There are 2 protein chains.
Amino acid sequence: MSGEDAPAEQQNAVDQKQETKAAEEPKAEPPKTEPAPAAAEATATPAAATEKVPEEDTFTYRALVLTGYGGYDKVKLQVKKGKPALKAGEVLVRVKACGLNFADLMARQGLYDRLPSPPVTPGMECSGVVEAVGEEVTDRKVGDKVMVLNRFGLWQEVAVVPSTHTFLIPEGMSFEEAAALPVNYITAYMMLFDFGNLRPNQSVLIHAAAGGVGIAATQLCKTVKDVTVFGTASASKHETISEGGVTHPIDYRTKDYVEEVRKISPKGMDIILDPLGGSDTHKAYNLLKPMGKLITYGTSNMLAGQKKNLLAVAKNWYHQFSIHTLSLIQGNKSVCGFHLGYLDGEMELITQAMNTILDLYKEGKVKPRIDSTWHLEQVGDAMRKMQERNNIGKVILNTEPMPEEEKKEEPKKEDKKKEDKKKDDKKKDDGKKEEKKDDKKKEEPKKEEEKKEEPNKEEK
Amino acid sequence: MSGEDAPAEQQNAVDQKQETKAAEEPKAEPPKTEPAPAAAEATATPAAATEKVPEEDTFTYRALVLTGYGGYDKVKLQVKKGKPALKAGEVLVRVKACGLNFADLMARQGLYDRLPSPPVTPGMECSGVVEAVGEEVTDRKVGDKVMVLNRFGLWQEVAVVPSTHTFLIPEGMSFEEAAALPVNYITAYMMLFDFGNLRPNQSVLIHAAAGGVGIAATQLCKTVKDVTVFGTASASKHETISEGGVTHPIDYRTKDYVEEVRKISPKGMDIILDPLGGSDTHKAYNLLKPMGKLITYGTSNMLAGQKKNLLAVAKNWYHQFSIHTLSLIQGNKSVCGFHLGYLDGEMELITQAMNTILDLYKEGKVKPRIDSTWHLEQVGDAMRKMQERNNIGKVILNTEPMPEEEKKEEPKKEDKKKEDKKKDDKKKDDGKKEEKKDDKKKEEPKKEEEKKEEPNKEEK
């Protein structure tokens with residue numbers, strides 16, 4: 001997951017734009033056309049290898065590319081040419097499905113520093129089949145079904161990654177499930193069982209309990225005896241998260257979640273998972289019991305609207321939680337920060353966590369919940385669904401080519417704009433809180449500030 | 001350990017000053033002379049109870065009293081009169097031995113807000129024998145040997161505490177050991193196994209490894225497979241702490257401990273126990289591995305000299321560690337604060353920890369190390385030994401009356417001053433670092449600041 005681990009194809013492959021608005025995109029790296037080394041060719045037909053047909057001419061694959069920071073349309077589908085070269089220890093994976101994460105949404109707005117500058121292929125997790133192995137790879141072979149975790153670069157049909165970043169998919173797990181598992185479950189697992197040290201009879205507050213991490217965390221909580229889970233989500237999702245194991249669902253849109261928690265658990269929480277940041281981190285700290293652990297793992301409060309919302313970013317910075325050790329000592333509290341994207345080079349820790357999670361999967365104790373699956377062509381809609389917190393569980397991309405008839409059904413640019421407007425109208429009906437969300441020209445009344453942060457508490 | 005739990009005798013008993021300098025002491029609470037309730041009298045002879053001889057006239061006991069903030073001489077031995085009343089749920093303990101803690105030294109200087117204002121009896125832990133039980137006490141009986149943990153008030157011959165604050169002394173444990181165990185072992189246990197989540201193969205940095213908490217923490221680390229312990233202490237203590245389980249002793253007086261740790265473990269530490277505060281907390285944070293936990297549990301850097309050193313206090317505040325959540329997230333780190341004195345009302349957590357510790361004691365895996373035992377009359381010397389970091393292990397007071405011949409050997413006031421001077425002279429010989437430690441009139445050159453903090457890193 002370090003810089004060195006970045007898939008090579010972005011630099012090596014020849015970009016062949018499918019989109020027509022190439023002019024507005026930042027200039028791509030000058031194309032390099034090195035032939036793929038022998039190791040990579042081993043999987044090609046022997047005939048091709050001996051005849052030395054340059055694979056650049058024959059090998060193409062589709063890739064999503066972030067072409068600049070901004071709205072959903074900044075992620076474009078392109079066709080790349082040339083088989084990526086494999087270095088020692090790397091494998092080439094034919095990607096079947098990819099997971100969307102909140103960090104991808106942050107990255108699109110330029111709010112996530114682990115993604116290199118555009119043009120770049122985003123994507124931190126995928127599933128697929130090993131199609132070629134580099135030298136020194138002993139633990140993976142051609143044909144292995146794997147899930148992959150990488151700093152970026154996995155939203156494409158073909159990905160080259162270190163073999164240590166792949167995990168064998170267990171029997172019976174679909175490619176969609178496998179693409180949904182790594183980021184959410186490793187994040188939830190390490191937060192709860194490493195930093196959180198979750199033990200029987202404890203209480204956990206999970207924000208965005210219907211999101212990917214929220215559902216994973218709830219399932220993992222249920223693997224420990226008598227753990228009480230408090231989960232925030234909008235009311236329409238309560239039935240689902242209750243079935244998933246949330247003991248006390250809380251509708252943060254209509255109620256003060258701090259009050260709701262205190263009503264049931266006056267002393268507060270043993271563990272709080274906080275993906276929100278800003279003023280919610282302060283609330284979480286105050287909601288901790290003695291010996292309680294606050295684990296903050298994101299700043300989704302920063303994300304308001306399709307493009308970078310400077311007001312939301314500034315507000316998040318302004319309210320950013322900062323703690324003195326004397327306060328920690330007097331409160332007997334713990335504050336932890338977690339983000340898988342920054343765990344560079346800690347593949348040993350990650351692999352340990354993954355092995356435990358896969359054991360739990362095999363025992364039927366955890367199972368990724370897929371909200372919806374989208375074609376690569378639909379990445380904008382997929383991102384929108386997640387960003388607008390309309391998902392319950394994981395949003396997945398699959399790499400199957402989109403059937404022609406579906407493409408015809410796809411609304412044109414003009415229609416899309418109308419659709420955006422329709423969605424905005426729908427949102428307005430959802431309640432006054434969201435009314436002015438995307439209306440940046442209008443001056444926001446100050447008393448609306450708190451309420452306006454609320455839509456961000458959903459689903460990460 | 002809450003305010004309500006404070007021993008009643010301080011308010012109820014009649015102070016009978018042994019010391020002559022009563023004039024300079026803050027005025028004590030107006031004495032109350034309520035007769036002890038029936039529950040307390042149940043243990044007196046039946047004859048006494050029926051004849052209604054007021055116990056105030058016959059029951060006396062010696063108590064150490066902090067008479068005002070300042071140097072060692074502010075803790076005075078007084079004789080109190082009147083058997084303390086027992087409320088429901090309380091027991092009266094005939095104290096045999098008391099433990100000294102760093103918080104007691106802080107308290108004497110007015111730097112510990114969990115001790116009420118003087119006059120007050122300090123002392124957070126002791127051992128002894130139950131001499132009377134109040135109503136509703138079912139788990140303790142007269143004659144039980146117990147160790148006691150309380151917010152304050154245990155440095156006296158007789159203490160009244162809630163029975164839930166007592167723990168049965170296991171077979172074979174001396175009163176000295178029992179007085180040495182509660183604070184240090186519960187502190188070390190909760191830090192390592194609750195916040196720290198210590199697991200096999202991890203590395204732990206223990207500052208003040210020859211102090212009470214340091215020795216307890218080292219022993220507890222050794223109960224987990226393949227844990228590597230780095231411990232700071234002055235060179236003269238290295239042999240002892242190595243025998244106790246410290247893998248890599250580091251002489252912080254002659255070497256930069258950060259460099260020494262990095263030489264052996266370039267990636268840093270999994271857990272760091274920090275009793276120092278100030279700039280050492282910053283160093284600790286930077287020394288953490290990803291997923292590492294910094295547990296800060298004191299500010300002993302504040303303690304420089306016998307009386308409150310405003311410069312040291314200010315410096316500690318100035319350098320006080322403060323952390324933003326974004327930094328924690330990007331570092332994947334945890335910062336925890338611990339202090340047993342603030343764990344009010346968490347007797348369930350404390351009892352769980354204590355039960356585990358006592359099991360480990362019975363298995364021979366942990367054993368308090370006593371540095372030295374002192375009479376109540378010698379409390380000043382006992383505090384001095386600890387404050388000057390000359391102890392290896394626990395400093396204990398015992399309540400046995402001091403033999404007359406020893407008292408004669410005690411130096412008079414004049415001699416004590418000379419002794420202080422001698423000790424100061426000795427300190428000067430200990431190295432340039434300590435040279436100007438107690439010389440507050442002299443302006444300190446800035447480059448000496450770092451070095452001058454070092455003497456505080458020893459033994460908590």
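This passage looks at how chain A and chain B meet in a predicted model.

Start with the symmetry. Chain B drops onto chain A with an RMSD of 0.0 Å after a turn of 180° and a shift of 0.0 Å along the axis. That is how a two-fold axis relates two copies. Both copies put the same surface to use, and 100% of the contact residues of chain B turn up again in chain A.

So how much surface is involved? The size of an interface is often given as the accessible area lost when the parts come together. Here, about 3500 Å² is buried between chain B and chain A, with carbon and sulfur atoms giving 58% of that. The contact draws on 40 residues from chain B and 40 residues from chain A.

Next come the polar links. Between chain B and chain A there are 19 residue pairs in polar contact, counting pairs with both residues at pLDDT 80 or more. On chain B, the elements giving two or more residues to the side that touches chain A are helix 7 (182-195), strand 13 (288-296), strand 14 (322-324), helix 13 (325-331) and strand 15 (334-337). Sorted by class, that side of chain B holds 18 nonpolar, 15 polar and seven charged residues. Six salt bridges cross the interface of chain B and chain A. In one salt bridge, the side chain of B:E346 meets that of A:K267, at 2.9 Å from N to O.

Finally, there is a strand pairing across the two chains. Strand 15 of chain A (residues 334-337) runs antiparallel to strand 15 of chain B, and the two pair over three bridges. Within this pairing, A:C336 has B:S334 as its bridge partner.

Notes. Residues numbered from 1 in each chain as written. Chains lettered and ligands numbered in written order. Predicted model: local features only at pLDDT ≥ 70, side-chain atom pairs only at ≥ 80, totals over all residues. Heavy atoms only, no water. Contact = heavy atoms within 4.5 Å. Buried area = accessible area lost by both parts, 1.4 Å probe. Salt bridge = Lys/Arg side-chain N within 4 Å of Asp/Glu carboxyl O. Polar contact = N/O pair within 3.5 Å; in protein donor to acceptor, adjacent residues only side chain to side chain. Helix = DSSP H or I, 4+ residues; strand = E, 2+ residues; numbered from the N terminus. Nonpolar A, V, L, I, M, F, W, Y, C, P; charged D, E, K, R; others polar. Pairing = 2+ DSSP bridges. Least-squares fit on C-alpha atoms with pLDDT ≥ 70 in both.
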